[in-house]
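Here is a short tour for anyone who likes to have the model open while reading. Take a look at the sequence and the structure, and then we will go through a few spots together.

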Amino acid sequence: MKTTRRTFLQVLTAGATAAWAGLPAHEAMADVAAVTNETEFFVFLIALGGWDVTLWADPRNEIRGIIHPASTENTDTSQLKRWVDAPMAEGAFKTFELVRPRGSSHVFGPGIGDLADMADRITVVNGLEMNTVAHPDGQVFSTTGRHAQGGRVAASSIDTMISNEMGRDQLLPTVSVRYPSSYVGENLDRRVVPLAIDDVGSISRTLSRSQAFDASPERDRVTAMLSEEARDLAQRSTYPDVLEGLALQYEGLRRMLGSNLQDVFSAGGLRKAHPELDYKRRFTGGPAVNAAFAVEAMKRNLVRCVSFAIGGFDTHGNNYRGQAQLQQETFGLVSDLVKSLDATPHPTLHGAKLSDHTHILVVSDFCRTPQINFSMGRDHYPNNSALVVSPRFRPGLVFGKTDPDQLLPQPVRKFTDGERAIAPPDLLATFLGAFGIEPRKYMRDGEIVRELLRA
């Protein structure tokens, strides 16, 4: 049999069609169809290890109940910009003055760092009820709204949910850098499987091509031919979505290889393109490259979601020798990211800033104990806080609360299952609801908290 380009493509795609044909297709919801939000971008960040909320979101500077606050006895305060000494009720040591940003109702601990200057743009959620003190479970619960079942993830992560609704046609729906991303459940498009990498440089290395046997123009012509044939076959196929998906992938490959992205998506290229981000910080110099990638990829309209992690928060020993500065650097990175987005034009909306259409969610596994252990550290505790920077959320709001004595979540409103504290499923459901997405499409639990959203 004579092999033509058509028969070659038919053989190439036959296996993929057979493998994918029996799986459920994505069903768009009628009430969301008008809210595709193709102009919106997302950054999801997780502080791995469990942060100390008494030092930033839910500050405690009094010895009360089992709370043993940060003080000059147990904290290296030399690097903390927002630390101001305040006398403690007991002893000669000093604790910290509460950080009260001008013109804001927010009250922070010194770990908030430079982000305090943006208090009128952020939304804080305190008293998140975690019901777990295990790292893997806490990370899964914070990013999916479901506890792990037998060690297995039971639901998709928030970046996958968002990508499935808004990023299916994006070149890179989700790029996940050491973030606990998951792709689980029905009604998911295969194009939105998170691209999970260890570092941004992996993308550049993947795009690198040898010139030993063919040159870039030749590869471009072959890729263009494959894309054309895939669309042609899709018009006559029983399962056109499969072949159209292949055509999109081929076209995406042409864009990736033909626009010098392998140079831009290298660590060196990103540092050069975004000198406004601080790559010399002790703890977050590496993650700053991920933030630069997010800005550059969104600026080029190549990605819908970028999710990444910042580690080092699991401070069982010498908690404040590193925890306080790590928090300051983490929130400083968020602040720098927002400023960079402020200075970057939106790729498709004339006259709009990228920050007007970018939504940032920062979570952690859980928080640390209010009391200091014998190693001068803090252990795991089933409470949490979260941070949102989004034009869809109410800015300058602190929602949720903990008790004054032991820092445990307290009921804040009546949900359908009764009066209780807010929990990660509620926060994630609210994040979906902000974009017209019905949470029950992806989540078993959680309710939209309208108080968190702009009217």
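In which strand is the place of His380? His380 sits in strand E10, residues 380-381. Please keep in mind that this is a predicted model.

**Around His380**

His380 is partly exposed, as its relative accessible area is 21%, and the cut-off for buried is under 20%. Leaving aside residues up to four places away in sequence, His380 touches Val133, His135, Asp314, His316, Phe366, Cys367, Arg368 and Thr369. One of these, His316, lies 64 residues away from His380 in sequence, while the C-alpha atoms of the two are 8.3 Å apart in space. Two polar contacts of the His380 side chain appear in the table below, next to two of Asp403.

| Side chain | Partner | Distance |
|---|---|---|
| His380 | His316, side chain | 3.0 Å |
| His380 | Val133, backbone oxygen | 2.8 Å |
| Asp403 | Asp405, backbone nitrogen | 3.1 Å |
| Asp403 | Leu408, backbone nitrogen | 2.5 Å |

**Around Asp403**

Where is Asp403 found? Its place is the loop between E12 and strand E13, the latter covering residues 413-415. Asp403 is buried but forms no salt bridge. The nearest side chain of opposite charge belongs to Arg60, 6.0 Å away, whereas a salt bridge needs a distance within 4 Å. Arg60 is nevertheless among the residues that Asp403 touches, together with Leu408 and Gln410, when residues up to four places away in sequence are not counted. For Leu408, the table adds a backbone nitrogen 2.5 Å from a polar atom of the Asp403 side chain.

**The sheet and its helices**

Now for the sheet that includes E12. Eight strands form an open sheet in the order E6-E5-E7-E1-E8-E11-E4-E12, and their pairing is mixed. Strands E6 (195-197) and E12 (397-399) stand at the edges; each has a single partner strand, so one side of each is left without a neighbour in the sheet. On average, neighbouring strands of this sheet are turned by 15° against each other, direction ignored.

At the E12 edge, strand E4 (residues 123-125) pairs with E12 in the parallel sense over three bridges. Val125 has Phe399 of E12 as its bridge partner.

Two helices lie across strands of this sheet. Helix H10 (residues 319-342) crosses E1, E7, E8 and E11, and runs at about 170° to E8. Helix H11 (residues 424-433) lies across E1, E4, E8 and E11, at about 175° to E8.

Methods. Residues numbered from 1 in each chain as written. Predicted model: local features only at pLDDT ≥ 70, side-chain atom pairs only at ≥ 80, totals over all residues. Heavy atoms only, no water. Pairing = 2+ DSSP bridges. Helix = DSSP H or I, 4+ residues; strand = E, 2+ residues; numbered from the N terminus. Axes fitted to C-alpha atoms, helices over the stretch in contact; angles between N-to-C directions. Contact = heavy atoms within 4.5 Å. Buried < 20%, exposed > 50% of the residue type's maximum accessible area, 1.4 Å probe, protein only. Lys, Arg positive; Asp, Glu negative; His and termini not counted. Polar contact = N/O pair within 3.5 Å; in protein donor to acceptor, adjacent residues only side chain to side chain.
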